[in-house]
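This report describes the fold and selected residue environments of a single chain. The sequence and the structure are shown first.

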Amino acid sequence: AAMGGELSFLAIGDYGCDPRAHPFGYKTLYDNGQQMGTVAERYNSSFVLAIGDNFYQNGVQSPSSKQWEQVMGKFSAKSLQVPFYAVMGNHDWRGKPEAQVQRHYQERRQLGAQARWTMPHYWYTVRHEVEDQDVLLVFLDTPILAPEETEQSARDNLPGFEQRLNQLAWLEHVLATASETWVIVVGHYPLYSAGDHGPSATLIADIAPLLEKYGVDAYFSGHDHIMAAFQTNWTQVVVGSGCKLNQIREYSANPESSWAASVFGFAEVKLTKGKMTTTWIKSDGRRMYSLDQAPRRKLGVGSRPGSPFGAPGLGNVAAPVAAAEGLVASPVAAPYVAKKDPGGISTGLVVLCLILAFGGGWTAAGVFRKISKKRTEAKQQVWEVANLTDVSAVWQPSTEL
C-alpha cells in the first residue's frame with residue numbers, strides 16, 4: 001500500500017538459485033530476502049519486481065514444483081506478502097514456461113487476495129495510483145524479443161517469430177496511448193549493461209527508440225549478475241545479482257553516464273510527487289548508490305500524439321483481465337495497423353546472419369532471403385490480427401492445469 005503520497009516498491013532479478021546446484025547463491029538469496037523484508041517494512045513497499053531467471057538452472061516443470069517453495073519461501077517476511085510482478089528470463093524458458101503463467105491463476109483460485117505470484121501472460125501491464133500521480137508498469141518477455149541472444153536450450157521453447165512482432169506492436173500501442181505520470185518498463189534482458197552479457201544490440205535497435213519517443217522514465221532489467229545504472233534521457237536499471245555475480249566490464253555501446261558494481265543485492269524505488277528515487281542495496285543492507293529523476297512527461301518529453309494504431313471503435317483487443325485490480329494480460333493489446341514497416345532487419349539479426357553465413361556454409365544473400373521471407377510471413381499474420389475481435393484466435397500461453 002502507498003504511504004503518505006509515496007509509492008515504494010522493490011526490484012530483484014536472477015534470484016532463483018537451487019540449494020544443491022548453487023549453495024552459496026541460495027544463502028545469498030536468503031540474505032537478500034531478509035534485507036528486502038526489512039526495507040519493505042520500513043517503507044511499506046507495495047510490490048516486488050521479479051525480473052526473470054526466477055528458477056535456475058532450467059525453470060520449473062509445473063505450477064506446483066518444489067522450486068516454488070524453495071525460492072519464494074525465502075521472501076517470507078510479513079512485509080513481503082505483496083504481489084511479485086514477474087517476467088520470464090532465459091533460464092525460465094528452459095523449463096515449461098507456461099507453468100509460471102499457470103501459477104498466477106492457480107494462486108488466485110487457491111489463495112484469492114493473498115496470491116503473490118503475478119504473471120497473467122508473458123507480457124502485460126499493471127497500473128498503480130498515488131494521490132495525484134499514477135504509474136504504468138509494462139512487463140516484457142525479452143527472450144521472445146531477442147531470440148538470437150538466447151541460448152539454444154531456451155530458444156527451442158520460444159514461440160514463433162510472429163509473437164516477437166506481436167509483442168513489439170503491443171508495446172508501441174501501450175506506450176503511445178499511456179497517460180500516466182510515470183511509465184516504467186521491465187524486462188529480463190538489459191539494453192545497456194556492464195556484465196558478462198553486455199549490451200543487447202537487438203533491444204537497443206528495437207526497444208530504445210520506443211523508450212525515447214514515448215517518454216519512458218526507466219527500464220528495469222537483470223540478466224547480467226551485477227547492479228548498475230545507465231542514464232540517457234531515460235534510466236536503465238540493472239538488478240541481476242539476486243544470487244549470482246559477474247565481473248564488471250566496459251562496452252563502447254553503453255552511455256557514458258553510468259555506475260556499476262559486482263555485488264549481491266536488490267533495489268528499492270520510491271515515487272513521490274515529481275521525483276523517483278532508486279537505491280541499490282547490498283545483500284547485507286548497505287546502500288550502494290542512489291539516483292533521483294523527475295518524470296519525463298512533466299518535462300514535456302514523450303507527449304502522446306494520437307495513437308498510431310487504427311481501426312477506431314474496436315477499442316482494446318485484449319486477453320481476459322486477470323483477477324487483480326489494474327492488471328491486464330494482453331497478447332495483442334490493440335488492433336494493429338503498422339505505422340512503419342516492421343520488416344526491417346535489426347542489428348542482432350545482421351550479426352546472426354554473418355555468423356551463419358560464414359560458419360554454416362550458407363551464402364549471406366541466402367540467409368537474408370530466408371529471414372526476410374520469415375519476417376514477411378510473420379508481418380502478414382500480425383496485420384491479420386488487426387481485424388480480430390476474438391483473441392481466442394491469437395496465440396497465448398495455456399492456463400489450464
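## Ser-200 and its surroundings

Apart from neighbours within four places in sequence, the contacts of Ser-200 are Glu-149, Pro-190 and Leu-191. The coordinates come from a predicted model. Ser-200 belongs to the loop that runs between strand S7 (182-186) and helix H7 (201-206). Its relative accessible area is 2%; because buried means under 20%, Ser-200 counts as buried. The side chain of Ser-200 also reaches the backbone nitrogen of Leu-203, at 3.1 Å.

## The chain as a whole

The chain contains ten helices and 15 strands. It has 401 residues, of which 58% are buried. Among contacts between residues at least 6 apart in sequence, 74% join residues at least 24 apart.

## Helices H1 and H6

Two helices can be set beside the span expected at 1.5 Å a residue.

| Helix | Residues | Number of residues | End-to-end C-alpha distance | Expected span |
|---|---|---|---|---|
| H1 | 23-43 | 21 residues | 30 Å | 30 Å |
| H6 | 161-177 | 17 residues | 25 Å | 24 Å |

For H1, the reach from first to last C-alpha is close to expectation, and the H6 distance agrees with its expected span as well.

The buried residues of H1 are Gly-25, Tyr-26, Thr-28, Leu-29, Asn-32, Gly-33, Met-36, Gly-37, Val-39 and Ala-40. An α-helix has 3.6 residues a turn, so residues three or four places apart point the same way. The partners against which the buried residues of H1 pack include strand S1 (7-12), strand S2 (47-50) and helix H2 (67-72). Strands S12 (265-272), S13 (275-282) and S14 (287-293) are also packed against by these residues. Just after H1, Asn-44 adopts a positive phi of about 55°.

H6 is mostly covered, with 15 of its 17 residues buried.

## Nonpolar core and aromatic pairs

In soluble globular proteins, nonpolar side chains tend to be buried together. The largest nonpolar core here has 100 residues, and those touching the most other members are Leu-49, Val-138, Phe-139, Leu-175, Leu-191 and Phe-220. H6 supplies the largest share of this core, six residues. Leu-191 thus appears in two settings, as one of these core residues and as a contact of Ser-200.

The model has 16 aromatic pairs. Ring pairs link Phe-9, Phe-47, Tyr-85, Tyr-124, Phe-139 and Phe-220 into a cluster. Phe-139 and Phe-220 are named both in this cluster and among the core residues that touch the most other members.

Two lysines are placed over tyrosine rings. The charged end of Lys-244 is 3.9 Å from the centre of the Tyr-56 ring and sits over that ring. Lys-270 lies over the face of Tyr-43, 4.1 Å from the ring centre.

## Gln-100 in helix H3

Which helix holds Gln-100? Gln-100 is found in helix H3, residues 98-111. Its relative accessibility is 0%, so Gln-100 counts as buried. The side chains of Gln-100 and Asp-92 are joined by a polar contact of 3.0 Å. Leaving aside neighbours within four places in sequence, Gln-100 is in contact with Asn-54, Phe-55, Val-60, Trp-68, Met-88, Asp-92, Trp-117 and Met-119. Trp-68 is 32 residues from Gln-100 along the chain, and their C-alpha atoms are separated by 9.7 Å.

Key: Residues numbered from 1 in each chain as written. Predicted model: local features only at pLDDT ≥ 70, side-chain atom pairs only at ≥ 80, totals over all residues. Heavy atoms only, no water. Phe/Tyr/Trp six-rings, centres within 6.5 Å; stacked < 30°, edge-to-face > 60°. Lys NZ or Arg CZ within 6 Å of the ring centre and 35° of its normal. Helix = DSSP H or I, 4+ residues; strand = E, 2+ residues; numbered from the N terminus. Buried < 20%, exposed > 50% of the residue type's maximum accessible area, 1.4 Å probe, protein only. Polar contact = N/O pair within 3.5 Å; in protein donor to acceptor, adjacent residues only side chain to side chain. Contact = heavy atoms within 4.5 Å. Expected span 1.5 Å × (residues − 1). Core = buried A, V, L, I, M, F, W, Y, C linked by side-chain atoms within 4.5 Å.
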